[in-house]
Amino acid sequence: MSEPLLQVKGLKKYFPIKGGIRGKHIGDVKAVDDVSFELMEGETLGIVGESGCGKSTTGRAIMRLLEPTAGEVIFQGKNITKMHKEELRKARRDIQMVFQDPYASLNPRHNIQKILEEPLKVHGLGDEKERKAKVEKLLGIVGLSSYHAQRYPHQFSGGQRQRIGIARALMTNPKLIIADEPVSALDVSIQAQVLNLMKDLQQELRLTYIFIAHDLGVVRHISDRVGVMYLGKMVELAASEDVYDKPLHPYTQALLAAVPVPDPDFTRETALLKGDIPSPANPPSGCTFHTRCPFKMEACMSKKPVLVEVEPGHSVACHLYDADINNDNKN
Ligand code: SF4
């Protein structure tokens, strides 16, 4: 079996909390807390969870747009977390990001030609003629025309702007795209178009995606595997159909219950998610989901569950699948 394109091992990103007049370190917001997964070339991993669960921070920490607190990110066999500035700059040619709000991420004072050729300039790729030709090619690939190159971001619709964001990410021929809520700001009808475009591009260009979203419904059709995050931790990781057809973690079950189903006769047995997500600066003890979990047991309040493979390719972090704890409960 070939090597994974990306290995994330024990990734942590803590933001220090300072207090008092001396600004002493009094705690940490554990935005990403010991997250591990692998990604094969050409695969799409959807990462899902409510806002504040650490999914976007995970994406940024992988690229070192945010410096990880601990852990390793191995990309194409090289450890990104240990790279020096120049080495990291080169590695970033192969990893690009697509952002949620294409308008905010496109400089309003630059025309599309200038916006799209910027990554080539940053990486010293091509002369003026080659850059112009590449912009024209990428505009065509994402379904726009060469005359759009002279226009400005405000002259485009939301969907077109996201196409430009995708074109910009593709300029350096990356291998991995980290798409952070790329369709969340778009109308539902436009969402499908952008998702289809990303799927087509993946096949055409053999891209690997990490697709971050807060809604399980959005990642369903694009992901090969799905990881569900809650308060900085991965609580379930499995093939997409397993997550949707037989979710194991009570949090995943609750998230799925919130996804609308276009069938009037369909009724769900699972309760919708109640209560707010606790603060990652002061997470609940034991299983951090215990304050909202309908199945919580005594052990859940003191013992942290770890992510373990309970069925082939299906991992979950929940004491319901821990034989020792279940036996204790029965005794
Ligand atoms: Fe619920 Fe306990 Fe499982 Fe956490 S470990 S999800 S509280 S049953």
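**Notes on the predicted model**

The ligand sits in the second largest cavity. Keep in mind as you read on that this is a predicted model.

1. Let's start with the ligand's surroundings. The shell holds four cysteines by name, Cys287, Cys293, Cys300 and Cys318, along with the histidines His249, His290 and His319. The rest of the ring is Pro250, Phe289, Phe295, Lys296 and Leu320. Sorted by class, that gives eight nonpolar residues, three polar ones and one charged one.

2. Serine 302 is worth a quick look too. You'll find serine 302 in the loop that runs between helix H10 (250-257) and strand S11 (308-311). Serine 302 counts as exposed because its relative accessibility is 61%, and the cut-off for exposed is over 50%. Its C-alpha is 9.8 Å from that of threonine 288, with the two positions 14 residues apart in sequence numbering.

3. Next, serine 315, which belongs to strand S12 (residues 314-316). Is serine 315 buried or exposed? With 14% relative accessibility, serine 315 counts as buried. Leaving out residues up to four places away in sequence, serine 315 touches Val235, Glu236 and Leu237 on the one hand, and Leu307, Val308, Glu309 and Val310 on the other.

4. Over at the start of the chain, glutamine 7 is part of strand S1 (residues 6-19). Its relative accessibility is 14%, so glutamine 7 counts as buried. What does the side chain of glutamine 7 make a polar contact with? The partner is the side chain of glutamate 38, at 3.5 Å. Glu38 also turns up among the residues that glutamine 7 touches, together with Phe37, Glu72, Val73 and Ile74, once residues up to four places away in sequence are set aside.

5. Arginine 64 is one I'd look at in the viewer. Arginine 64 is in the loop between helix H1 (55-63) and strand S4 (70-75), yet arginine 64 counts as buried because its relative accessibility is 14%, where buried means under 20%. Not counting residues up to four places away in sequence, arginine 64 touches Ile80, Thr81, Lys82, Met83, Leu88 and Arg92. Methionine 97 is 33 residues from arginine 64 in sequence, and the C-alpha atoms of the two are 12 Å apart.

6. Now helix H4, residues 112-122. Its buried residues are Ile112, Gln113, Ile115, Leu116, Glu117, Pro119 and Leu120. For reading that pattern, recall that an α-helix has 3.6 residues a turn, so residues three or four places apart point the same way. Which helices help cover the buried residues of H4? The cover includes helix H5 (128-141) and helix H6 (158-170). After H4 comes glycine 124, with a positive phi near 60°.

7. Two residues other than glycine also have positive phi, and I'd check both backbones. Aspartate 34 has phi near 70° and is placed in strand S2 (residues 24-39). Aspartate 34 has 45% relative accessibility, so aspartate 34 counts as partly exposed. For arginine 206, phi is near 55°. Arginine 206 is in the loop between helix H7 (188-205) and strand S8 (208-213). Arginine 206 is exposed, since its relative accessible area is 52%.

Definitions and conventions
Residues are numbered from 1 along each chain as its sequence is written. This is a predicted model: local features need pLDDT of at least 70, side-chain atom pairs count only at pLDDT 80 or more; totals for chains, interfaces and linings use all residues. Side-chain values use heavy atoms; hydrogens and water are left out. A residue is near a molecule or strand if one of its heavy atoms lies within 4 Å of it. On a 1 Å grid over the protein atoms alone, a cavity is a set of points where a 1.4 Å probe fits but cannot get out, and a pocket is an open set with protein on both sides within 12 Å along at least five of seven lines; lining residues have an atom within 4 Å of a point. A molecule sits in a cavity or pocket if more than half of its atoms lie within 2 Å of its grid points. Ala, Val, Leu, Ile, Met, Phe, Trp, Tyr, Cys and Pro count as nonpolar, Asp, Glu, Lys and Arg as charged, and the others, Gly among them, as polar. Helices (H or I, at least four residues) and strands (E, at least two) are DSSP runs, numbered from the N terminus. Buried means under 20% relative accessible area, exposed over 50%, partly exposed in between (1.4 Å probe, protein chains only). A polar contact is a pair of N or O atoms within 3.5 Å; within protein, one must be able to donate a hydrogen and the other to accept it, and residues adjacent in sequence count only if both atoms are side-chain atoms. Contact means heavy atoms within 4.5 Å.
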